[in-house]
Amino acid sequence: MKNFQDLNLCDDFLFKEVMRDEKLVIGFLEMVLDIKDKIKGVQYIETEKTIRLRYLDKGIRLDVFLKDDENNVYNIEIQNGNLKNIAKRCRMYQSKLDGGALKPGEDYANLKKQYIIFVCTGDPFGKGLYKYTFENCCNEDFSLKLGDESMKVFLNTRGQCGEVSRELKAFLNFVEKSTVQNAAKVKDLYVEQLSAKIEDIKNDEVLGGVFMTLEEKMNELAKQKMEEGKALGIIEGMKEGREEGIKEGTKEASIQIAKAMKEKGYDIKDIIELTSLTKEEIESL
């Protein structure tokens with residue numbers, strides 16, 4: 001089990017906590033999309049949100065999900081390792097996000113711009129680029145864009161070529177080695193801000209406890225579900241069992257954390273923000 005103090009930005013727990021900071025997430029979006037001073041504010045729809053259009057559908061769990069002051073939608077994902085089928089995963093994300101974007105009968109013109117951004121600790125397409133940006137265009141005339149206002153961006157922390165800003169290169173260099181020492185070597189203002197936020201998070205005893213509890217519960221339940229899969233002799237069952245165990249572990253850990261915070265007198269708004277439980281769920285504990 002990884003130590004809380006050893007987490008890097010490529011670890012989803014730390015990434016999601018850092019991206020709760022509005023200033024930092026706006027800085028990230030403007031840097032990645034090259035839209036300096038365009039975003040005036042953001043609203044977090046929810047971090048680590050599960051979207052399921054029908055009860056039996058395969059759900060998607062979002063790391064950071066938000067919209068800006070013009071209601072454009074952004075989904076930011078940290079992908080630490082395992083890049084298998086990432087393009088089709090992105091396709092699934094877009095379909096789910098779009099599926100819940102309009103009310104019945106609402107005009108398609110009301111769909112806002114949509115950006116799906118993956119930060120990958122590896123090269124998703126094997127071309128060595130720092131950044132891969134995809135928009136739908138015509139095969140017969142690449143200058144003709146479909147105009148559906150959807151964009152997918154894949155960042156490669158191990159990139160070696162491509163025209164990107166010095167700021168973005170500095171960020172990518174920092175993702176897998178998010179230490180104070182590396183921040184000093186990088187010498188970039190945004191990385192310095194990230195580093196300061198990371199230090200604040202790692203000095204937060206409550207968050208440290210959240211992480212340890214979450215890791216223990218996920219490992220315990222994942223192991224249990226995998227053992228059930230082994231007993232059935234079904235490899236696919238083991239994979240699904242691990243995913244189910246992680247999901248259950250996250251929920252159970254959130255409940256235990258909420259109970260502890262309630263006992264210590266934390267404000268219910270703080271508990272909601274930290275655990276993603278509803279007000280009703282917390283009050284019932």
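Here is a friendly conversation about a predicted model and what its side chains, helices and confidence values show.

Colleague: Before I lean on this model, what is the mean pLDDT of the protein?
Modeller: Since this is a predicted model, that is a good place to begin. Of the protein's residues, 80% reach 70 or more. The mean pLDDT is 81.

Colleague: In which helix is confidence lowest, and in which is it highest?
Modeller: At the low end is helix α8 (residues 235-263), with a mean of 60. Residues 47-60 also stay under 50, and the model has 35 contacts for them beyond four places in sequence. Another stretch below 50 is residues 234-246, with 15 contacts beyond near neighbours in sequence. So to your two helices: confidence is lowest in α8 and highest in α4, at 97.

Colleague: Let's turn to charges. How many salt bridges are there?
Modeller: The rule asks for a side-chain nitrogen of Lys or Arg within 4 Å of a carboxyl oxygen of Asp or Glu. E17 and R20 satisfy it, with N to O at 3.2 Å. By this rule the count is seven.

Colleague: Is E17 in that pair buried or exposed?
Modeller: Buried means under 20% relative accessible area. Its partner R20, at 21%, is partly exposed. E17 has a relative accessibility of 11%, so E17 counts as buried.

Colleague: Which residue forms a salt bridge with D21?
Modeller: D21 is partly exposed, at 21% relative accessible area, and its partner is partly exposed too, at 25%. The closest N and O atoms of the pair are 3.8 Å apart, and the partner is K197. D21 sits in the loop between α1 (12-18) and α2 (22-33) while the partner is in helix α6 (residues 189-202), so the pair ties together parts 176 residues apart in sequence. The residue you asked for is K197.

Colleague: What does D21 cap?
Modeller: Look at the side chain of D21: one of its oxygens lies 3.0 Å from the backbone nitrogen of K23. That places the cap at the N-terminal end of α2.

Colleague: How many residues of α2 are buried?
Modeller: α2 has 12 residues and reaches 16 Å from its first C-alpha to its last, close to the 16 Å expected. Its buried residues include L24, F28 and E30. Just after α2, D34 takes a positive phi of about 55°. As for burial, α2 is mostly covered, and the number of buried residues is 10 of its 12.

Colleague: Which residue forms a salt bridge with D188?
Modeller: D188 is buried, at 8% relative accessible area, whereas its partner is exposed, at 52%. The closest N and O atoms are 3.7 Å apart, and the partner is R166. The pair links the loop between α5 (180-186) and α6 with helix α4 (residues 166-175), 22 residues apart. The name to note is R166.

Colleague: Now the rings. Why is the pair of Y74 and Y115 called stacked?
Modeller: A search of the whole structure finds 12 aromatic pairs. In this one the ring centres are 5.0 Å apart. Planes under 30 degrees apart count as stacked. The pair is stacked because its planes are at 10°.

Colleague: Which strands do Y74 and Y115 link?
Modeller: Y74 is buried, at 2% relative accessibility, and Y115 is buried at 15%. The two residues are 41 apart, and the strands are β3 (residues 73-79) and β4 (residues 114-120).

Note on methods: Residues numbered from 1 in each chain as written. Heavy atoms only, no water. Buried < 20%, exposed > 50% of the residue type's maximum accessible area, 1.4 Å probe, protein only. Helix = DSSP H or I, 4+ residues; strand = E, 2+ residues; numbered from the N terminus. Expected span 1.5 Å × (residues − 1). Polar contact = N/O pair within 3.5 Å; in protein donor to acceptor, adjacent residues only side chain to side chain. pLDDT = per-residue confidence, 0-100. Contact = heavy atoms within 4.5 Å. Phe/Tyr/Trp six-rings, centres within 6.5 Å; stacked < 30°, edge-to-face > 60°.
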